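Reader: I would like to go through this one with you and hear how each label is earned. Could we put the values next to the cut-offs as we go?

Author: Gladly; let us have it in front of us.

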Amino acid sequence: MSVKVASIGLKGLEGYRVYVEVQVKEGFESIVIVGLPDASVKESKERVTAALHTLGFPLVEKKVIINLSPAEQKKNGPLFDLAIAIGILKSSGFIRDPIPVDAGFIGALSLDGTVHPVEGMIAAILAARKLRLKMLVLPFDPWIPRIEIDDLELVYVETLLDVMNLLAGQQLLPLLPEVEMIEESMVTTRDFNQIIGHDFAKRGFEIAASGGHYVLMDGPPGCGKSLLAETFPTILPSLSKESQLEKISLYQLAGAPYSSLTLPPYRHPHHSASAVSIIGSGTNPKPGEVSLAHRGVLFLDELGEFSKKTLDMLRQPLENEKVTISRIHSTVTYPAKFIFIAAMNPCPCGYLGSDTHYCTCSEKQIKAYKNRVSGPVLDRIDILLALKPVNLKGHDFSKNESSEDVKRRVMVARERQYDRYGKEICNSSVPFEQLIGNRPLTESQQRRLQDLSMNHGLSNRVQIKLIRLARTISDMRGDQFISDAAIEEALILRRIGK
């Protein structure tokens with residue numbers, strides 16, 4: 001008798017339905033797995049056979065054929081163990097109760113029949129919801145957050161016998177993970193009130209947080225670039241439940257630790273990091289820094305010190321908010337929707353234009369240093385900030401705004417965008433047609449941008465980014481339409497003269 005059991009395969013963060021088709025018949029004792037399994041899937045026959053023997057279900061004089069459908073998709077990882085075991089037990093007659101057609105099974109088996117967590121379980125849960133499964137049976141992991149998803153029942157089990165009892169209609173004791181998805185307080189040592197001066201830069205960062213815009217800072221060493229970048233996540237809204245699940249999925253796939261569920265991720269790779277570590281790497285590609293920064297911030301300090309290859313590889317995620325990694329064995333796509341913050345010195349020695357230090361760089365050195373960041377990368381950046389050292393003398397520290405004060409304004413501006421577009425999306429990402437919608441630019445505003453484009457040689461991408469920036473500024477002001485003042489401020493933030 002042939003039996004079909006549903007499971008979930010993973011291709012990066014994307015999941016697809018896999019049917020484990022099992023046929024058990026009399027013959028020479030063997031197990032054959034077909035359907036493009038990798039080594040870890042092929043080894044499942046040894047794990048499953050040992051687990052069934054331990055539990056008293058030996059496969060004596062049985063030939064087992066297992067087909068993983070769809071046959072054209074490569075299967076990897078041990079997450080099909082549980083589905084394979086259930087299929088063998090059902091086909092052999094050890095399970096007499098029907099297996100629900102809308103139920104999925106994932107998990108790795110140990111030799112004693114214990115079901116163990118597998119890499120990418122959160123991604124599998126998200127995939128199960130998209131595939132419209134009604135129930136997902138998965139191993140109990142105390143460190144997976146407690147997740148509640150509409151129209152999907154998550155049943156946690158510890159052993160293969162638990163699954164058999166479940167199918168027989170017995171009620172299992174609920175196993176509740178220790179980690180709950182709850183709102184956390186801001187746990188950080190940084191706050192906007194620690195930033196002295198830099199009012200224009202702080203305004204630029206508030207606009208960037210409100211609309212999800214990219215920022216490039218340049219200035220001499222010690223002027224506060226790193227402090228601004230490190231403080232930036234404290235003014236971002238907390239992650240929604242959907243974003244929390246995406247964050248956990250990516251970190252679990254990468255095998256990277258995370259310190260918070262609700263706080264936006266902040267990634268700060270060193271300039272010596274390789275291109276593949278930033279984009280993603282591996283035979284079965286793992287998420288890189290751009291994906292671990294998803295829904296958060298990616299900060300590249302000393303941008304000019306990164307290799308040209310690395311910076312050019314950033315073009316796709318900066319533009320499309322996702323990254324596609326192609327390898328011999330597979331091609332996967334990971335989300336990479338982050339706010340890009342970069343900093344660099346104005347010259348190799350760092351003191352070009354300084355009032356206190358003498359610049360020792362030649363014009364050729366300065367030009368070569370700035371050319372390390374290519375035009376296409378600069379085109380993708382919305383806000384360009386030039387920072388100078390701040391004199392602490394006479395500064396009134398009591399007037400500094402806290403991160404919570406700024407964050408409240410950011411959330412108000414974002415709510416206006418969410419209401420306008422009908423979903424959780426910011427001005428930096430929304431399709432341009434939807435951005436303009438029924439609120440187009442006036443004729444005078446269009447002529448203004450056309451004149452600037454002719455005089456300054458602005459690309460179409462820069463012109464659109466100016467409009468997006470102006471739309472965010474207008475949202476912060478509470479204006480229904482893009483105002484002339486917002487356009488002028490956007491031009492200043494992009495260092496385009498009047």
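Reader: Why does cysteine 361 count as buried or exposed, whichever it is?

Author: This is a predicted model, so the value is computed from predicted coordinates. Cysteine 361 has 15% relative accessibility, and buried means under 20%, so cysteine 361 counts as buried.

Reader: And what makes cysteine 347 buried or exposed?

Author: The same cut-off settles it: with 0% relative accessibility, cysteine 347 is under 20% and therefore buried.

Reader: How many disulfides does the structure hold, and how do you know?

Author: It holds zero disulfides. Cysteine 347 is in none, as its nearest cysteine sulfur, that of cysteine 349, is 3.5 Å away. Cysteine 361 is in none either, and its nearest cysteine sulfur, again that of cysteine 349, lies 3.6 Å away. A disulfide needs the two sulfur atoms within 2.5 Å, so neither pair qualifies.

Reader: Let us turn to helix H8. How do you know what its 14 residues should span?

Author: Helix H8 covers residues 241-254, and at 1.5 Å a residue it should span 20 Å. The C-alpha atoms at its ends are 20 Å apart, which agrees with that expectation.

Reader: What makes you call H8 mostly covered?

Author: Ten of the 14 residues in H8 are buried. Among them are Leu245, Ile248, Leu250 and Leu253, and the list also includes Glu246 and Lys247.

Reader: Which elements do those buried residues pack against?

Author: The buried residues of H8 pack against helices H4 (121-130) and H10 (289-292), along with strands S11 (266-267), S13 (286-287) and S16 (331-335). Just after H8 comes glycine 255, with a positive phi of about 70 degrees.

Reader: S11 appears in that list. What makes S11 and S18 edge strands?

Author: Five strands form an open sheet with parallel pairing, in the order S11-S14-S17-S10-S18. S11 and S18 each have a single partner strand, so each has one side without a neighbour in the sheet. For S11 the partner is S14, joined to it by two bridges, and tyrosine 266 stands opposite valine 297 there. Two strands pair if there are at least two bridges, so S11 and S14 meet that cut-off.

Reader: How do you know that S10 pairs with S17 and S18?

Author: S10 (residues 215-218) has four bridges to S17 (residues 339-344), in the parallel sense, and four parallel bridges to S18 (residues 383-386). Valine 215 has isoleucine 341 as its bridge partner in S17, while leucine 216 is partnered by leucine 384 in S18. Both faces of S10 are covered as well: Val215 and Met217 are buried on one side, Leu216 and Asp218 on the other.

Reader: Why are S1 and S2 called a hairpin?

Author: S1 (residues 2-11) and S2 (residues 14-26) run antiparallel and are joined by ten bridges, with two residues between the strands. Glycine 12 in the turn has a positive phi of about 75 degrees. Alanine 6 has tyrosine 19 as its bridge partner in S2.

Reader: Last one: where does pLDDT stay under 50?

Author: That happens over residues 182-186, for which the model has ten contacts beyond four places in sequence. Where pLDDT is low, the predicted coordinates should not be read in detail. For the chain, the mean pLDDT is 89, and 95% of its residues reach 70 or more.

Methods. Residues are numbered from 1 along each chain as its sequence is written. This is a predicted model: local features need pLDDT of at least 70, side-chain atom pairs count only at pLDDT 80 or more; totals for chains, interfaces and linings use all residues. Side-chain values use heavy atoms; hydrogens and water are left out. The expected span of a helix is 1.5 Å times one less than its number of residues. Buried means under 20% relative accessible area, exposed over 50%, partly exposed in between (1.4 Å probe, protein chains only). Contact means heavy atoms within 4.5 Å. pLDDT is the predictor's confidence in each residue, from 0 to 100.
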